[in-house]
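Q: Please take a close look at one part of this structure and describe how its pieces pack against each other. I am a first-year student, so explain each term when it comes up.

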Amino acid sequence: MSAFITPVVLVVGIGLISGIILTLAAKFMAVPVDETASIIRDALPGANCGACGYAGCDDYAAALAGDPEGVSPTLCIPGGATVAQAIGDILGVDAEADAPIVAAVMCDGRSHLTRQDMDYQGYKTCASVKQFFGGPNSCKHACIGFGDCVDACQYDAIHICDGIALVDRDNCTGCTMCSKACPQNIIDMIPATNRVFVACSSKDPARQTRDVCEVGCIACRLCEKACKFDAIHVNDNVAKIDPEKCTNCGMCVKACPRDIITLIPKQKKAQTA
Amino acid sequence: MREATMIIMAAVLGNNFVLVKFLGICPFLGVSKKLDSAMGMSIAVVFVMVMSTAATWPIQNLLLEPNGIGYMQTIVFILVIAALVQLVEIAMKKFVPALHRGLGVYLPLITTNCAVLGVCVLNIDEGYGFAQSLLNSFGAGVGFLIAMFLFAGVRGRIESNDYPESFKGIASTLIAASILSLSFMGFAGMIDGIFGM
């Protein structure tokens, strides 16, 4: 009988002692957790995208809880105004959210409109191709099309179509991850209300651009003349729209001889099912 | 001194826990993708191995053996190691938060890792004394660290190369692990040779 009792008593005893020690330890050595931080953390989307500039949602929540005056509650771009409002309510500060932004790919060099100078067969990421003589495209400012941005996007909002990246505005939260991932720096963030942008980033002179791309901006300044609001200007051989002045009137789109200024059609209001 | 060096050397090279004894393969394959996390994990393993040996050796020799229930070793060790790691984590969070952030998630992960349990059981089986056991555990931990360090480097190199699709992921990892293990088999008998045993 004792062959049975001794081990049972010993193991139960050891377990009991460990349990008591652990309970006491948890009680006496408890570290106070900042409750505000965990409440804020629940209000955040939890995508850990890093658009706020912190290492993740936890980090941002901790920063907010630690310094409610110094840290802006509007930094969460995927969460937008709703989350900013929620954080503002928790902390009791004013949350004036920035206007929502979306990504726009400043290149329209689809495969039938541009050329490639070489047949690249190496490692298929934009970042590695870029280091190899600036990539296979004859235009060195163009979208490489291996989809570093697609990998970076957590919201399935950017895809490679016909050799260039295209943003799906319905899914885009404006987290800027694709913009940061792009080695060509051709993904810009523009206000979501802004539906017109110049889909070209080529800073090459007109002749060079004309040579390598059928649609690239040739800096002819016809758009500048067409714009009634002083919203589009040619600098460094490429036209750029000032989103604050642009009214989406579409005059520059009609004026452009290269059809490179893109007008995104008005989105229908989401229908209730 | 000579004996201490020999025990540590043997545990690090000749009897490397991961590459020769094949204990602790799970973290070896799982956490070796990045050098930072591999190092964090390894340092946590060294720490937990020494701590748990310090706790289990007295239990075996003062509690289990005198009562004639040495066979309960495994169950009791798991229990004690798990509780110990938990306790250390709580204490660390309170008193050395910086170290707690560093070891972070790796501490609970290795609670009852087979390498940790293995080193405790092997210390008893080898008949080591208390000091010898601690040395052996430390050596085993350092051996784990070296294996992780080497393998994280190897994996980093593999990842940045363009290799056939069919070898992607676990296949290339296992092949690399077996070659590394083979190279460590070369240390077998070396320690005895050096110390003239």
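A: Two residues are in contact if their C-beta atoms, placed from the backbone, lie within 7 Å. Helices are DSSP runs of H or I with at least four residues, strands are runs of E with at least two, and both are numbered from the N terminus. This is a predicted model, in which local features need pLDDT of at least 70 and side-chain atom pairs count only at pLDDT 80 or more, while totals for chains, interfaces and linings use all residues. Residues are numbered from 1 along each chain as its sequence is written, and chains are lettered from A and ligands numbered from 1 in the order in which they are written.

The part chosen here is the pairing of helix 3 (residues 35-64) and helix 4 (residues 73-95) of chain B. On the helix 3 side, the contact is made by V48(B), M51(B), S52(B), A55(B), T56(B), I59(B), Q60(B) and L64(B). Facing them in helix 4 of chain B are Q73(B), V76(B), F77(B), V80(B), I81(B), L84(B), V85(B) and V88(B). Sorted by class, the residues of this contact are 12 nonpolar, 4 polar and no charged. Here Ala, Val, Leu, Ile, Met, Phe, Trp, Tyr, Cys and Pro count as nonpolar, Asp, Glu, Lys and Arg as charged, and the others, Gly among them, as polar.

Two packed helices are described by the angle between their axes and the distance between the axes. The axes of helix 3 and helix 4 of chain B cross at roughly 135 degrees and come within 10 Å. An axis is a line fitted to C-alpha atoms, for helices over the stretch in contact, and angles run from 0 to 180 degrees between N-to-C directions. Helix 3 and helix 4 of chain B are therefore oblique to each other; angles under 35 degrees count as roughly parallel, over 145 as roughly antiparallel, 65 to 115 as roughly perpendicular and the rest as oblique. The crossing of helix 3 with helix 4 in chain B is right-handed, meaning that the near helix is turned clockwise from the far one, whereas an anticlockwise turn by less than a right angle is left-handed.

Another pair in chain B can be set beside this one. Helix 1 (residues 2-14) and helix 8 (residues 130-159) of chain B have axes 7 Å apart, at an angle of about 35 degrees. Helix 1 of chain B also passes helix 8 in a right-handed crossing. Helix 1 contributes A4(B), I7(B), I8(B), A11(B) and V12(B), and helix 8 residues including L135(B), F138(B) and I146(B). This contact has 10 nonpolar, 4 polar and no charged residues.
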